[in-house]
Amino acid sequence: MQYPVTGTMVSYYFVCKRKLYYHAHQLRMEQNNEDVALGKLLDESSYTRDEKHITIDDTISIDFIREHCMLHEIKKSKAIEESGIWQLKYYLYYLKQRGCREMKGKIDYPLLHRSVEVELTEADEYRLKEVIKEIQEICDGAITEEFPKKKSICKKCAYFDLCFI
């Protein structure tokens, strides 16, 4: 089965492939997770003057756009910064495939009063093609890890109980 690859799936790919698998198979645990609730509250209370949550093709959902085609993603912390960067690069890649070639990105950390600019390179595009292919394989297959590898971020994950208890 061909799954439409979303920004959330790309983010989860870089955080935890098991989490990606669960998400793709509609096993959602986030609604009861305190960290997810805090992230949503931060999103709702930050950048209130901007039109937010711009959904394109029911596939990507950009937090907001401003400053001459600058995509913005709001993140609570830098704990999983790599996943946020690749999520934003995926948005840039997705839009480039649809003709929007001059886009740039920025990850905003309102609690840290900091932001990180993100650009899409040719090397990133090649990597994203591989990531998309792997995401499809993960979503189509079974969970191959007999036991998940515990990382420092696992204790705050909405899927912690499912993986470790």
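In which strand does R114 lie? In this predicted model, R114 belongs to strand 5, which covers residues 114-118. The strand is part of an open sheet of five strands, arranged in the order 1-2-3-4-5 and mixed in its pairing. Strand 1 and strand 5 take the edge positions, and because each has a single partner strand, one side of each is left without a neighbour in the sheet. Averaged over the sheet, and with direction ignored, neighbouring strands are turned by 40 degrees against each other.

At one of these edges, R114 is classed as partly exposed because its relative accessibility is 37%. Apart from residues up to four places away in sequence, R114 touches K78, E81, I107, D108 and Y109. A further spatial relation links R114 to S77: the two residues are 37 residues apart along the chain, and their C-alpha atoms are separated by 10.0 Å.

At the other edge, strand 1 (residues 52-56) runs antiparallel to strand 2 (residues 60-66), and four bridges join the two. Within this pair, T55 has S61 of strand 2 as its bridge partner. The two strands form a hairpin with three residues between them, and in the turn D57 has a positive phi of about 55 degrees.

Further along the sheet order, strand 3 and strand 4 (residues 104-109) pair in the parallel sense, with five bridges between them. One pair of facing residues is formed by M70 and K104, the latter in strand 4. Helix 4 (residues 81-97) packs on this sheet and touches strand 1, strand 2, strand 3, strand 4 and strand 5, while its direction makes about 150 degrees with that of strand 4.

Two residues of strand 3 illustrate the surroundings of this part of the sheet. E73 is placed in strand 3, which comprises residues 70-74, and E73 counts as buried because its relative accessibility is 3%, where buried means under 20%. When neighbours within four places in sequence are left aside, the contacts of E73 include S61, I62 and D63, residues Q87, L88 and Y91, and also K106, I107 and D108. I74 is likewise found in strand 3, and its relative accessible area of 10% is the reason why I74 is classed as buried. Although I74 and D63 are eleven residues apart in sequence, the distance between their C-alpha atoms is 6.6 Å.

Helix 4 can also be described by its own dimensions and its degree of covering. At 1.5 Å a residue, its 17 residues should span 24 Å, and the end C-alpha atoms are 24 Å apart, so the expected and modelled spans agree. The helix is mostly covered, since 13 of its 17 residues are buried. After helix 4 comes G99, which has a positive phi near 100 degrees.

Helix 5 (residues 122-140) packs against helix 1 (residues 7-15) at an angle of about 85 degrees, and the axes of the two helices are 10 Å apart. Helix 1 and helix 5 are therefore roughly perpendicular to each other. Where they meet, M9, V10, Y13 and F14 come from helix 1, whereas R127, V131, E134, I135, I138 and C139 come from helix 5. Helix 5 also packs with helix 4, at an angle of about 100 degrees and with axes 10 Å apart, so helix 4 and helix 5 are roughly perpendicular as well. In this second packing, W86, K89, Y90, Y93, K96 and Q97 of helix 4 meet D124, E125, R127, L128, K129 and I132 of helix 5. R127 is thus among the residues of helix 5 that take part in the meeting with helix 1 and in the meeting with helix 4.

The cysteines were considered last. A disulfide is a covalent bond between the sulfur atoms of two cysteines, and a search of the whole structure finds zero disulfides. For C69, the closest cysteine sulfur is that of C100, at 7.3 Å, which is too far for a bond because a disulfide requires the sulfur atoms to be within 2.5 Å. The search from C100 leads back to C69, again at 7.3 Å and too far for a bond. With a relative accessible area of 38%, C69 is partly exposed, and C100, at 33% relative accessibility, also counts as partly exposed.

Methods:
Residues numbered from 1 in each chain as written. Predicted model: local features only at pLDDT ≥ 70, side-chain atom pairs only at ≥ 80, totals over all residues. Heavy atoms only, no water. Buried < 20%, exposed > 50% of the residue type's maximum accessible area, 1.4 Å probe, protein only. Contact = heavy atoms within 4.5 Å. Pairing = 2+ DSSP bridges. Axes fitted to C-alpha atoms, helices over the stretch in contact; angles between N-to-C directions. Expected span 1.5 Å × (residues − 1). Parallel < 35°, antiparallel > 145°, perpendicular 65-115°, else oblique.
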